[in-house]
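Thanks for coming. I have one complex to go through today, so let me put it on the screen.

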Amino acid sequence: MNARGGGLGVLLVVALVMAGLVLPRWLVFLLALALAKGVAVLSVVVLMRAGLVSFGQGLFFASAAYAAGFAMRWWGVREALLLVPWSVAVAVGLGALAGLLVARYRDIFFAMLTLALSMVLYGVLIKAYGVTGGSDGIRIPTPTLLGLQLSGDDARLLVYYLAVAATAAAAWAVGRYAAAPAGYLAHAVRDNEVRVAYLGAPVSRIVYAAFLLSSGLAGLGGALTALNVGHVDPGLAYWTTSGELVFIAVLGGTGTVLGPLAGAVVYELIRSYAFKYAPYAWQMLVGAAMLLIILFLPGGLWSPVERVWRRQQA
Amino acid sequence: MNQLLIIAVDGLVFASWLFLVSVGLSLIYGVLRILNIAHGSLFAVGAYAGASLVVAYSAAGLWPPGALGVLLVGALAAGLVAGPLIERGIVRWTYGREPVMQLLVTFSVFLILEDLTKLVWGVSPYYAYQPYQLLGQVRIGGIDYPAYSFLVLLVAALVGAGLWWFVRRTRFGRVVVAVIHDPEISVAMGVNLSRVYVTTFALGSVLAALGGAFTAPMISVVPGIGVEVIVLAFAVVVVGGLGSLEGAAVGALLIGLVRAAAVHLLPVLELFTIYLVMAAVLLVRPLGLFGRVEARRI
């Protein structure tokens, strides 16, 4: 990401902080959810840049959310600044294990293996009623920040600012990664893996690193979602959660960091209305929109804007 | 000894069901090189078509065994309508694009079909138990089995034999084999590729719908039954080797028997057996038991 990207990012963070003060509460809540989802979408984008589509990010999304829930339930931890890193660590640990198996695969194998893993977690969450509460899930009490106990609207706002800070950090990290050798090499693996190997770069390590980063981002998104909603349930690991993330990634395009984040906000706004008016046609609309974008705008909704932008620069 | 017999019977019954729901996926992948995620929703469409027809047929009070024929008709109708429509309308525009994009396209079709089934058949469950009840029970090794399970076994065997005959003994089947091995040379030899593609896709869709229709009497047909099937079918097909029909049969047998053994000996593992078998096979043979190695693009 170039200097302008950084400047734009700072502007956006300032705008989001202001938004927390002026916007109505329900919209702030929605925005916090959208940002949490946006971070998880970044995890899909990181893999897509390496040419891999994961239909199983729900694995990390849900495991981090449940990790936060267990920490609160068993150890009574309420501190957000402890819960979030702990949840991310659990997700990355799981990613390190799962990566050993799936990072060897590409294309459909990668997609379906990640899907299978997340469905295994879903099955476990549903069946292990004594530990996970089955399909009821676990309630997550309001977290504290640096020991500060807030309630009601203040607590909501606190979680929102946490989401803004975490999203900014995640966006910065992904931007740095994309501009680093590992990020460029991951992009090269997408174009032609064999050539990258012949150039002497460690392909499997590059893919593994992308997978770890991606599991951490998905975990961060999951932890933020858990703190936001105040409840976790097995649906977080279900394929629809992962599929939704892939859809938003396609919608926002994989060329930028802001595209997927903006995509998540737009998606969440539209969904909150569409779900009310067309609950049984929502997936159909999502599917049709994805088809149209793939067939006619392969770079995502953002891509025409980007093209104009680039033309002006030239 | 008795337990072994029970495991073998259970395993065979489950394996035949697995083969029935997964062979179409392998066939389509073998010819079109596309993993059809919509396979799961075609299964669901077949289940709904079969179940609603059986419910209507039974309500009309017609000759009871005819319900089995009705299941077949429902599956054929669902597959023959949906298959060509999806292939000609959507999938064919993605030929030659990245596999990942093709995967996303069939995923979109899957999402669309999931809601279409809800719009057409509603969200309340369908119970098409009549064929299941009709056949009664069979006693093997001191345990009562529903005879319907053996009907599924028979259907799976017929489908397997029929496919084998189609691929090895008919002219069109040999053309399909040629396309599997080398689409470019086949076209140069005068094969009409679009016709092969649309026929294969329709056949694969009929097989998915057939699996759904014959599953319908054993379950309550509700929204969301397609998802589990696509994951299961993929596991079976990957164990056997993507695109291989023999592979689908062997994969189904292996997973079916291992799962039956787990159910009786180690019930905790039941949920994971399929994935454990898949992971184990992939670690030893990354392309599955019958997978073909392909040249690397440099």
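Let me start with a single residue: is L72(B) buried, partly exposed or exposed? This is a predicted model, so the answer is computed from predicted coordinates. L72(B) has 15 other C-beta atoms within 10 Å, and therefore counts as partly exposed; a buried residue would need 20 or more. L72(B) sits in helix 3 of chain B, residues 66-89. Its C-alpha is 10.0 Å from that of G211(B), although 139 residues separate L72(B) and G211(B) in sequence.

Now confidence. The predictor assigns the complex an ipTM of 0.81 and a pTM of 0.84. For chain A the average pLDDT is 85, with 98% of the residues scoring at least 70. For chain B the average is 87, and 97% of the residues score at least 70. Within chain A, the element with the lowest mean pLDDT is helix 14, residues 303-313, at 76, and the highest is helix 10, residues 203-229, at 93. In chain B the low end is strand 2, residues 137-140, with a mean of 80, and the high end is helix 9, residues 193-215, at 93.

Next, the contact between the chains. Chain B puts 30 residues into it and chain A 29 residues. On the chain B side, helix 4 (99-121), helix 10 (225-240) and helix 12 (273-284) each supply at least two residues. Helix 4 of chain B has the largest share of that side, with 16 residues. Sorted by class, the side of chain B that touches chain A consists of 24 nonpolar residues, five charged and one polar.

Helix 12 of chain B deserves a closer look. Its twelve residues span 17 Å from first C-alpha to last, close to the 16 Å expected at 1.5 Å a residue. Which residues of helix 12 of chain B are buried? They are I274(B), V277(B), M278(B), V281(B) and L282(B). These buried residues cover an arc of only 125° around the axis, so they are on the same side of helix 12 of chain B. In general, an α-helix has 3.6 residues a turn, so residues three or four places apart point the same way. On the other side of helix 12 of chain B, L283(B) and V284(B) are exposed. The buried residues of this helix pack against helix 10 and helix 11 (245-265) of chain B.

A235(B) makes contacts in both chains. Outside its neighbours within four places in sequence, A235(B) contacts A116(A), I255(B), I274(B), Y275(B) and M278(B). A235(B) is also one of the residues with the most contacts inside the largest nonpolar core, along with A223(A) and L20(B). That core has 209 residues, and its largest share, 16 residues, comes from helix 2 of chain A, residues 25-49.

Back to helix 10 of chain A. With 27 residues, it reaches 39 Å from its first C-alpha to its last, close to the expected 39 Å. Of those 27 residues, 21 are buried, so helix 10 of chain A is largely enclosed by the rest of the structure. G230(A) follows this helix and has a positive phi, near 80°.

Helix 7 of chain B, residues 171-181, has V176(B), V179(B) and I180(B) buried. Seen down the axis, the buried residues of helix 7 of chain B fall within an arc of 105°, so they line one face of the helix. R171(B) and H181(B), on the other side of helix 7 of chain B, are exposed. The cover over the buried residues of this helix includes helix 1 (2-32), helix 6 (147-169), helix 8 (183-188) and helix 9 of chain B.

From helix 9 of chain B we can take L193(B). L193(B) touches V179(B), P183(B) and V187(B), leaving out residues up to four places away in sequence. L193(B) is partly exposed, with 15 other C-beta atoms within 10 Å.

One last backbone point. Where is R33(B)? R33(B) lies in the loop between helix 1 and helix 2 (39-59) of chain B. Its phi is near 60°, a positive value in a residue other than glycine. Most residues other than glycine have a negative phi. R33(B) has 15 C-beta neighbours inside 10 Å and so counts as partly exposed.

That is my tour; I will take questions.

Note on methods. Residues are numbered from 1 along each chain as its sequence is written. Chains are lettered from A and ligands numbered from 1 in the order in which they are written. This is a predicted model: local features need pLDDT of at least 70, side-chain atom pairs count only at pLDDT 80 or more; totals for chains, interfaces and linings use all residues. Two residues are in contact if their C-beta atoms, placed from the backbone, lie within 7 Å. Helices (H or I, at least four residues) and strands (E, at least two) are DSSP runs, numbered from the N terminus. Ala, Val, Leu, Ile, Met, Phe, Trp, Tyr, Cys and Pro count as nonpolar, Asp, Glu, Lys and Arg as charged, and the others, Gly among them, as polar. The expected span of a helix is 1.5 Å times one less than its number of residues. A residue is buried if 20 or more other C-beta atoms lie within 10 Å of its own, exposed if 12 or fewer, and partly exposed in between; C-beta atoms are placed from the backbone. The arc is that of the directions from the helix axis to the C-beta atoms. pLDDT is the predictor's confidence in each residue, from 0 to 100. A nonpolar core is a set of buried Ala, Val, Leu, Ile, Met, Phe, Trp, Tyr and Cys residues joined through C-beta atoms within 7 Å.
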